[in-house]
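Here's a walk through the sheet at the heart of this fold and the helices that go with it. Have the model open and follow along strand by strand.

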Amino acid sequence: MNSTEPIVFLVDDDSRVREALSSLLDSVGLRVTAFASAGEFLQSEKPDAPACLVLDLELPDINGLDLQQELAAGDAPPIVFITGHANVPSSVRAMKAGAIEFLPKPFGEQELLQAIDTAIALDRTARQKRLELAELQSRYNSLTPREREVLPFVVAGFANKQTAADLGISEITIGVHRGQIMRKMAARSLAELVRMADKLAIAPSSPAR
């Protein structure tokens with residue numbers, strides 16, 4: 001199940017709500033998979049695609065807020081809460097935990113669709129960032145231990161001579177490592193390599209005292 005076509009996961013224990021919202025989402029060209037409980041959602045296979053989770057607050061097994069908390073540790077899609085039992089503490093907790101919207105039933109169709117569009121756009125951006133980071137990590141993993149040792153000196157702007165003195169190896173060797181680092185990281189400039197290191201949380205080295 002791999003597709004770039006967005007999908008909406010709908011979790012609501014009311015069959016009438018599931019049918020009505022599934023029909024609405026289908027009418028605007030969105031894929032939708034509906035579940036009657038949080039457990040069903042958790043056990044289901046998830047397609048590799050931008051997504052949004054439309055989640056009822058009150059469910060027969062796991063409370064919607066508890067499910068939100070459980071999903072927070074992973075790469076779960078952004079959540080739009082819907083509920084017939086809205087209250088201020090629940091809405092505050094949901095929004096503080098990152099929910100896109102908290103909609104009391106009954107809500108307007110356009111209000112829901114706008115929230116879903118926002119959620120899918122955010123998930124698409126987050127997925128792209130994760131993909132880019134994974135690619136950068138793969139490039140970094142291709143570096144030798146010595147090249148990884150040299151990299152912080154390169155992004156700190158140290159000259160080869162200074163790096164060689166700090167690491168106790170020849171200046172020529174440092175130059176070779178620098179070239180290999182640029183090639184393996186696919187960095188077209190030092191500035192680009194610095195940005196890559198920042199994304200990988202690699203701190204620039206400080207000069208030896």
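## Inside the sheet

Let's start with β4: five of its five residues are buried, so this strand is largely enclosed by the rest of the structure. Bear in mind that you're looking at a predicted model. Ile 79, Phe 81 and Thr 83 point one way from β4, Val 80 and Ile 82 point the other way, and all are buried. That fits a general pattern: in a regular strand the side chains alternate between the two faces of the sheet.

Now for β3, residues 51-56. Six of the six residues of β3 are buried, so β3 is likewise largely enclosed by the rest of the structure. Ala 51, Leu 53 and Leu 55 head off one way, while Cys 52, Val 54 and Asp 56 go the other way, and all are buried. Yes, that list of buried residues includes Asp 56.

### How the strands line up

What is the strand order in the sheet? Reading across, it goes β2-β1-β3-β4-β5, five strands in an open sheet with parallel pairing. At the edges sit β2 (31-35) and β5 (101-104), each pairing on one side only. From one strand to the next, the twist averages 20°.

In general, strands of a sheet pair through backbone hydrogen bonds, either parallel or antiparallel. Here are three of the pairings, with the bridges that hold each one:

| Strand pair | Sense | Bridges |
|---|---|---|
| β1 (residues 7-11) and β3 | parallel | five bridges |
| β3 and β4 (residues 79-83) | parallel | four bridges |
| β4 and β5 | parallel | four bridges |

If you'd like to find the register by eye, a few residues make handy landmarks. On the β1 side, Ile 7 has Ala 51 in β3 as its bridge partner, and Leu 10 stands opposite Val 54 in β3. Val 54 also stands opposite Val 80 in β4. Leu 53 has Ile 79 in β4 as its bridge partner. Over towards β5, Phe 81 stands opposite Phe 102.

### Getting from strand to strand

The chain leaves β4, runs through α4 and arrives at β5, a β-α-β crossover that is right-handed. Going back to the β3/β4 pair, which is parallel over four bridges, the chain crosses from β3 to β4 through helix α3 (residues 64-71), and that β-α-β crossover is right-handed too.

### The helices

So how do α3 and α4 sit relative to each other? Two packed helices are described by the angle between their axes and the distance between the axes. The axes of α3 and α4 (residues 88-96) come within 10 Å and cross at roughly 15°. That makes α3 roughly parallel to α4. The crossing itself is left-handed. At the contact, Leu 65, Asp 66, Gln 68 and Gln 69 from α3 meet Ser 90, Arg 93 and Ala 94 from α4.

Back at the sheet, whose strand-to-strand twist averages 20°, α3 packs on it and touches β3 and β4, with its direction making about 170° with that of β4. Helix α5 (residues 109-141) packs on the sheet as well, touching β1, β3, β4 and β5. The direction of α5 makes about 135° with that of β3.

Conventions: Residues are numbered from 1 along each chain as its sequence is written. This is a predicted model: local features need pLDDT of at least 70, side-chain atom pairs count only at pLDDT 80 or more; totals for chains, interfaces and linings use all residues. Side-chain values use heavy atoms; hydrogens and water are left out. Buried means under 20% relative accessible area, exposed over 50%, partly exposed in between (1.4 Å probe, protein chains only). Helices (H or I, at least four residues) and strands (E, at least two) are DSSP runs, numbered from the N terminus. Two strands pair if DSSP finds at least two bridges between them. A crossover is right-handed if, with the strands pointing away from the viewer, the path from the first strand over the helix to the second runs clockwise. Axes are lines fitted to C-alpha atoms, for helices over the stretch in contact, and angles run from 0 to 180 degrees between N-to-C directions. Angles under 35 degrees count as roughly parallel, over 145 as roughly antiparallel, 65 to 115 as roughly perpendicular and the rest as oblique. A crossing is left-handed if the near helix is turned anticlockwise from the far one by less than a right angle, and right-handed if clockwise. Contact means heavy atoms within 4.5 Å.
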